[in-house]
Amino acid sequence: MTWIMNGTNVTLDYHKLDELFSEPEKEPYVIDDEREAHEMNANIFVVMRDTFLSGWGHAPSSSIFVVACPSISIAEQVAYHAENRRTDMKYVTIRRTPTLMKALASRRLSDGDHVKVIGVNPQWCGWQWREHNEEQLRQLWKEE
């Protein structure tokens with residue numbers, strides 16, 4: 001569209017207007033997977049929302065924390081610890097699925113969400129951090 005303003009031809013470019021008034025594109029959710037090699041074939045996950053980190057930093061929307069576990073009994077310990085001793089963890093669930101992505105399917109991840117994945121460690125089981133406890137968890141991964 002072209003019109004004359006103060007003796008000058010002015011052209012209105014609709015594409016430029018769309019760029020000016022459209023919302024900036026958000027990045028898709030980010031998965032930060034810090035599992036060790038022997039934990040990559042996990043099929044039991046404890047999935048929870050981290051309310052402390054949700055809303056800022058890498059997670060302007062929400063932050064999901066996932067702990068990969070070698071057995072249901074360990075997953076139950078992690079879930080108990082998350083629900084009862086970690087006030088920043090909400091909506092704790094145990095998911096037994098073949099892949100991490102299927103474990104996250106119920107969370108309805110959207111743009112700007114952040115997912116942190118770790119392998120289980122003694123502290124998430126409510127244990128003290130000792131070489132013996134770390135070795136006990138490694139043995140459970142081998143038994144799987």
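Helices (H or I, at least four residues) and strands (E, at least two) are DSSP runs, numbered from the N terminus. With that in hand, Gln128 can be placed in the loop between β7 (114–119) and α4 (131–143). The structure is a predicted model, so local features need pLDDT of at least 70 and side-chain atom pairs count only at pLDDT 80 or more, while totals for chains, interfaces and linings use all residues. Residues are numbered from 1 along each chain as its sequence is written, and side-chain values use heavy atoms, with hydrogens and water left out.

Here is the overall picture. The protein chain comes to 4 helices and 7 strands, and from the N terminus on its elements run β-β-α-β-β-β-α-β-α-β-α. Of its 144 residues, 35% are buried, where buried means under 20% relative accessible area, exposed means over 50%, and partly exposed is in between (1.4 Å probe, protein chains only). About 9600 Å² of the protein chain is exposed, with carbon and sulfur atoms supplying 51% of that area; accessible areas come from the Shrake-Rupley method with a 1.4 Å probe, and for residues only the protein chains shown count as cover. Contacts (heavy atoms within 4.5 Å) reach along the chain too: among those in the protein chain with a separation of 6 or more, 68% come from residues 24 or more positions apart.

Next comes the sheet. Two strands pair if DSSP finds at least two bridges between them, and on that basis 5 strands form an open sheet in the order β3-β7-β5-β4-β6, with mixed pairing. β3 (30–33) and β6 (89–96) are at the edges with a single partner strand each, so one side of each has no neighbour in the sheet. From one strand to the next, the twist averages 20 degrees; axes are lines fitted to C-alpha atoms, for helices over the stretch in contact, and angles run from 0 to 180 degrees between N-to-C directions.

The pairings can be followed strand by strand. β4 (residues 44–50) runs antiparallel to β6, and 6 bridges join the two; in this pairing Phe45 stands opposite Arg95 in β6. β4 also pairs with β5 in the antiparallel sense over 6 bridges, and Met48 has Phe65 in β5 as its bridge partner. β5 and β7 run parallel and are joined by 6 bridges, with His114 in β7 as the bridge partner of Ser63.

β5 itself is mostly covered, with 7 of its 7 residues buried. In a regular strand the side chains alternate between the two faces of the sheet. In β5, Ser63, Phe65, Val67 and Cys69 point one way, Ile64, Val66 and Ala68 point the other way, and all are buried.

Helix α2 (residues 72–85) lies across β4, β5 (63–69) and β6, and runs at about 170 degrees to β6. The 14 residues of α2 should span 20 Å at 1.5 Å a residue, and this agrees with the 19 Å between its end C-alpha atoms; the expected span of a helix is 1.5 Å times one less than its number of residues. Which residues of α2 are buried? They are Ile74, Ala75, Val78, Ala79, His81 and Ala82. Seen down the axis of α2, these buried residues fall within an arc of 160 degrees, so they line one face of the helix; the arc is that of the directions from the helix axis to the C-beta atoms. An α-helix has 3.6 residues a turn, so residues three or four places apart point the same way.

Back to the loop between β7 and α4, which also holds Trp127. Trp127 is partly exposed, at 22% relative accessible area, whereas Gln128 counts as exposed at 53% relative accessibility. Leaving aside neighbours within four places in sequence, Trp127 is in contact with Ile74, Gln77, Pro122, Asn133, Gln136 and Leu137. Trp127 and Gln77 are 50 residues apart along the chain, yet their C-alpha atoms are separated by 9.8 Å. With neighbours within four places set aside again, Gln128 is in contact with Pro122 and Asn133.

Two backbone angles round things off. Most residues other than glycine have a negative phi, and most peptide bonds are trans. Tyr91, in strand β6, has a positive phi of about 55 degrees although it is not a glycine, and Tyr91 counts as exposed at 58% relative accessibility. Arg108, in the loop between α3 (100–104) and β7, has a positive phi near 50 degrees and is exposed, with a relative accessible area of 71%.
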